[in-house]
Amino acid sequence: MKWDIITHSPEETRDFGRALGQRIQLGLTIRLNGDLGSGKTCLVQGLARGLAVPEGYDITSPTYTLINEYPGRMPFYHADLYRLEAGVNAESLGLGELFDTQSVLAVEWEERLDESEWPENSLKIELLTRDDETRRVRLIGYGLETDNLIRETLENWKSGRFQNAGISA
């Protein structure tokens, strides 16, 4: 199933990421897609805080290092495939060993991996720039657990300080 939300600032995008991170209880692969500057890293920054990554860690896109690892209530890995060609192999990058573990893996530029490379239970997040501040965030769950995670996050986020965020299923 697909859900769309609208965020009106980088802070709202981070706050949504935080709300999502707070609800993750099991290992999960999060696939991020969007143009440069669409807010993928903002969302990951919030996700990290929701996973209790300490404030002293600067969450930046690992464009040159490929994968960053952070401590939190669950191990958190942030990968960026921007510099890679399409069709790259997950195992050769070391991503395969992170799938289906008790960690959270957020992958920017997920489209660089073939669809068949991704685990069955994952969350795809597409960010579309509407204007300088506004983003349409599309959430696509693969697997019942992921769909439930999305529903719980949206219910909590919608009833919180962003009641008028514009959520649709």
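In this predicted model, 53% of the 169 residues of the chain count as buried. The exposed surface of the chain comes to about 8200 Å². Carbon and sulfur atoms supply 45% of that area.

The chain contains 4 helices and 7 strands. Their order along the sequence is β-α-β-α-β-β-α-β-β-β-α. Among contacts in the chain with a separation of 6 or more, 64% join residues that lie 24 or more positions apart.

Aromatic rings were examined next. A pair of aromatic rings is described by two quantities, the distance of the centres and the angle of the planes. The chain has 2 aromatic pairs. One of them is formed by Y57 and Y70. The ring centres of Y57 and Y70 are 6.1 Å apart, within the 6.5 Å cut-off for a pair. The planes meet at 90 degrees. Because an angle over 60 degrees counts as edge-to-face, the Y57–Y70 pair falls in that class.

The two partners come from separate parts of the chain. Y57 sits in the loop between α2 (40–50) and β3 (67–70), while Y70 belongs to strand β3. The pair therefore ties together parts that are 13 residues apart in sequence.

The partners also differ in exposure. Y57 has a relative accessibility of 36% and counts as partly exposed. Y70 has a relative accessible area of 6%, so Y70 is buried, the limit being 20%. Y57 and Y70 also belong to one aromatic cluster, together with F76.

Note on methods
Residues numbered from 1 in each chain as written. Predicted model: local features only at pLDDT ≥ 70, side-chain atom pairs only at ≥ 80, totals over all residues. Heavy atoms only, no water. Helix = DSSP H or I, 4+ residues; strand = E, 2+ residues; numbered from the N terminus. Buried < 20%, exposed > 50% of the residue type's maximum accessible area, 1.4 Å probe, protein only. Contact = heavy atoms within 4.5 Å. Areas by Shrake-Rupley, 256 points an atom, 1.4 Å probe, with all protein chains shown as cover. Phe/Tyr/Trp six-rings, centres within 6.5 Å; stacked < 30°, edge-to-face > 60°.
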